[in-house]
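Thanks, everyone, for making the time this morning. I would like to walk through one model with you, going from a single strand out to the contact between chains, and then to a pair of helices.

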Amino acid sequence: MNIQDNYQKNKKNIFFSDNKDIQSHRDKLINIFETDRFDRKNNESLKNINLKKFIDFKYKYLVSAETSVINNNQDNSYSIVSVNGQCSSFKDDKIEITKILDKDYNDFSKNNTIEKNDHFVNLNSLFLNSGFKIVIKKNNNIKIKISNIVTDDNLTIFQKNNYICEEGSSLNLIEEYENKNNSTSNILNVINLENNSQLNHFLIQDNSSNHNLIITSHSSCKKDSNYTQKVYNFSEGYVRNFHYSELIEANSEADLQGIFFLKDNNTSNNKTFVKHLAEDCKSNQVYKGILNDRSKATYFSNTHVDQVAQKTEGYQLSKGILLSDNASYFSKPELKIYADDVKCSHGSTIGPIDENAIFYLRSRGMSKIAATKILISSFINEELSSIDNEQMSEIIQKKLVRYLSKVK
Amino acid sequence: MNSETLNTLDTYSKNKYKYGFVTDIDNEKPKKGLNEDTIKFISLKKNEPDWMLEWRLKAFSKWKRMKEPKWANLNFPEIDYQDIYYYSAPKGFEKKPKDLSEVDPKLIETYNKLGIPLEEQKVLAGVAVDVVFDSVSVATTYKGELEKLGIIFCSIGEAIQKHPDLIKKYLGSVIPPGDHSFSALNSAVFTDGSFVYIPEGVKCPMELSTYFRINAENTGQFERTLIIADKGSYVSYLEGCTAPKRDDNQLHAANVELIALEDAEIKYSTVQNWYPGDEDGKGGIYNFVTKRGLCAGKNSKISWTQVETGSAITWKYPSCILKGENSIGEFYSVAITNNFQQADTGTKMTHIGKNTKSKIISKGISLGKSQNTYRGEVSFLRKADKARNYTQCDSLLVGNKCGAHTVPYIDSKNNTAVIEHEASTSKINEDQLYYCRQRGLSHEEAVSLIVNGFCKQVLQELPMEFAVEAQKLVSISLEGSVG
């Protein structure tokens, strides 16, 4: 079924389909789908992916009533269960959770950092059927844990979330994606950090092999704000992590990190993009990947420094370990720099586990497998040891052990 | 930025193109535009056999179906292929002069202005020069000496006549005419270029060199160079370019193919100084060059060194296909852009064979309002066991209106291969400047010294004959009055 028909047929349970502005934006998107030649060579979002599967899909969506927000006042923490992308509304003096509004959609559709031909983001805007908005009120220090649950098989969830950290606030956000059913989640997170606010964002992805997860995020940082994102991808199914960050006012920081563990036939596409639009900003992009069996991964990183963004520091690092001779890894660490007083660099390595290190460990009586496992753990040790949340650290260690047990 | 830096920048940008002059020679050319008749005209003029004409026409029919590659970070108006002369030869050149004294004195004068007097160079440098003036080889010196060793060094036109077997076997084997639109265009309309064949076991005793000059206005220059190094041989080839000042943009689409068989080594060095356009970005050469080397045999080696200072647009990716086991590919590049110049240059290393190694060192310097992009691809195919790559690309920005970009593509399909890539971008270090100034150097001298140090890794790879000129060029593009 083509996009147009699919959209018209399911219009009634798609958000904002009666808003004229939004409708005209969507008409443009449909037009992009109909005219685009799906040029895999030049479109980063299409590399290593069977796009047909995602474009010719069968739309199915269910609303569930089991959502919940639990507030634990003692340590300012909240547990949220989001079911099929929906979340119940909630309000107290620290946070406010609501549905997303037409205005949020319109504001975002004007942003041009994300490429026009990123078809997944376009699909998300077209078929939007869920999502919520969380506002952290001024000068509050909050912890939130969100469990993202998908209830049925064959669901197509197109979710758009808005996170707003008001001035001086601080949010520690942990998102879990652990689903076992045969569904597709296409999620777009729009994050706004006001002056002097901070967001530590953890994403733990551990879906089964038939669940597709497409996460795109766009954060914009105002003066003195700080956005840190850490992605841990243990999924056995397809995962796409595309994360964009805009540093729009002076002295803001973005730190985008990720680790992915792939095996079997799995594919993962990753991208980080930091746009420096103001002075004295810092950014850091670090992705590490471990690829086993016939898995494939891509990682695109990009630092864009605008002409006015003097005194910028922008660093990128990409590292990949190939454990099997059928695995493949593609990386494209890009720098686009228009200001002269900057310090920017990128480094990228891909290779096997160091044989000398294996030899060293084996000469001390360790088996080859044990040595390999130790070296994999040490490869990502820096990222794991920097997690200051004990509970998180434990969860990730457990998942790592599970992954390593399959390594031969 | 302090006022001194601004002054220095001003001096840089006002530095006029020293080599901008026009030699007044009657040209004989076909009508403007590209069609089958043009190609037949070229083929007829060059007295080519039928199979060559067929080959050209086939490439032309491919070109008609192709579009220009658009992925480069370049901005330029659409090229009107019908507004270009595809063949331009100084009159009376159907009969080639036997020696230099028969060559038009004006031509010789042109080269003298460039500082490469043929007469002197013959004696002094011991370099055999194959001069391409627009489209026809002017003189090939030192031919006799090379012939004794069995080395063939002549224009490609001559090679088509005299060595059709080699041409048929190798022409288009590394860059197929249908590779992309510029290679198809070149294959259809190429007029001249060099042909080198080094026989088995021969080490070429001298550096072979060609100077290309674009002279006639609105003439696209389409050279085609083919170098074959047979088993166990060695050759070092130099190519230098300077072009006179013009207001109209001129198209230049060259193809260079290198083939290194078992144990052979080819070293290819370029100094490119085409007219870059004036301070307002008017005029200048459009340089769309395809250079590709094939390490076909075991233990073969191809090394590219380039110093790119000219051209309004540079689109150039000297590449290596590392097919033979243990073969080595190297790429050393300095690219300097000033005013409104745009450069998108880099390399492509394709590792196919076992134990293949490649090394990429790229230095980009952007000044004025220019855009300088490094674009490089390193790929390890499934069978490239134990392959190794090291890439380093550094950029230097002078002034806040220019841009420096790095776009590497890294693809590994082999788990025993190791890739390392690093890049950095920065401005000239204030501490270093301060240190130099403190020791009595002027600001310009200090900048020059630091930039020369920045490029040293690449410049030292150039053969002696070129090193002097290259350093001069770096100075001219950078230091204004200095150098």
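Let me begin with a term that I will need straight away: a residue is called buried here if 20 or more other C-beta atoms lie within 10 Å of its own. Please also keep in mind throughout that what you see is a predicted model.

With that criterion in hand, look at strand 17 of chain B, residues 328-337, where nine of the ten residues are buried, so that the strand is mostly covered. For the wider setting, chain B has 483 residues, of which 55% count as buried, and its secondary structure comprises twelve helices and 24 strands.

Which strands pair with strand 17 of chain B? One of them is strand 14 of chain B, residues 301-308, which runs parallel to strand 17 and is joined to it by eight bridges; within that pairing, E308(B) has A335(B) as its bridge partner. Another is strand 20 of chain B, residues 357-366, which also pairs with strand 17 in the parallel sense, over ten bridges, and here S333(B) is partnered by S362(B). As for how contacts in chain B are spread along the sequence, if we take those between residues at least 6 apart, 84% of them join residues at least 24 apart.

Let me turn now to the contact between the chains, in which 30 residues of chain B touch 32 residues of chain A. On the chain B side, strand 23 (403-412) and strand 24 (418-427) each supply at least two of the residues involved, and by class that side divides into twelve nonpolar, 13 polar and five charged residues. Strand 23 of chain B also pairs across the chains, since DSSP finds six bridges between that strand and strand 19 of chain A, residues 328-337, with the two running antiparallel. In this pairing, Y329(A) has S412(B) as its bridge partner.

Finally, a helix pair in chain A. The axes of helix 2 (residues 20-35) and helix 4 (residues 102-109) of chain A come within 10 Å and cross at roughly 40°, and the two helices are therefore oblique to each other. Their crossing is left-handed. From helix 2 of chain A, D21(A), I22(A) and H25(A) meet D102(A), Y105(A), N106(A) and S109(A) of helix 4, a contact made up of two nonpolar, three polar and two charged residues.

Definitions and conventions
Residues numbered from 1 in each chain as written. Chains lettered and ligands numbered in written order. Predicted model: local features only at pLDDT ≥ 70, side-chain atom pairs only at ≥ 80, totals over all residues. Buried ≥ 20, exposed ≤ 12 C-beta atoms within 10 Å, placed from the backbone. Helix = DSSP H or I, 4+ residues; strand = E, 2+ residues; numbered from the N terminus. Contact = placed C-beta atoms within 7 Å. Nonpolar A, V, L, I, M, F, W, Y, C, P; charged D, E, K, R; others polar. Axes fitted to C-alpha atoms, helices over the stretch in contact; angles between N-to-C directions. Parallel < 35°, antiparallel > 145°, perpendicular 65-115°, else oblique. Left-handed = near helix turned anticlockwise from the far one by under 90°.
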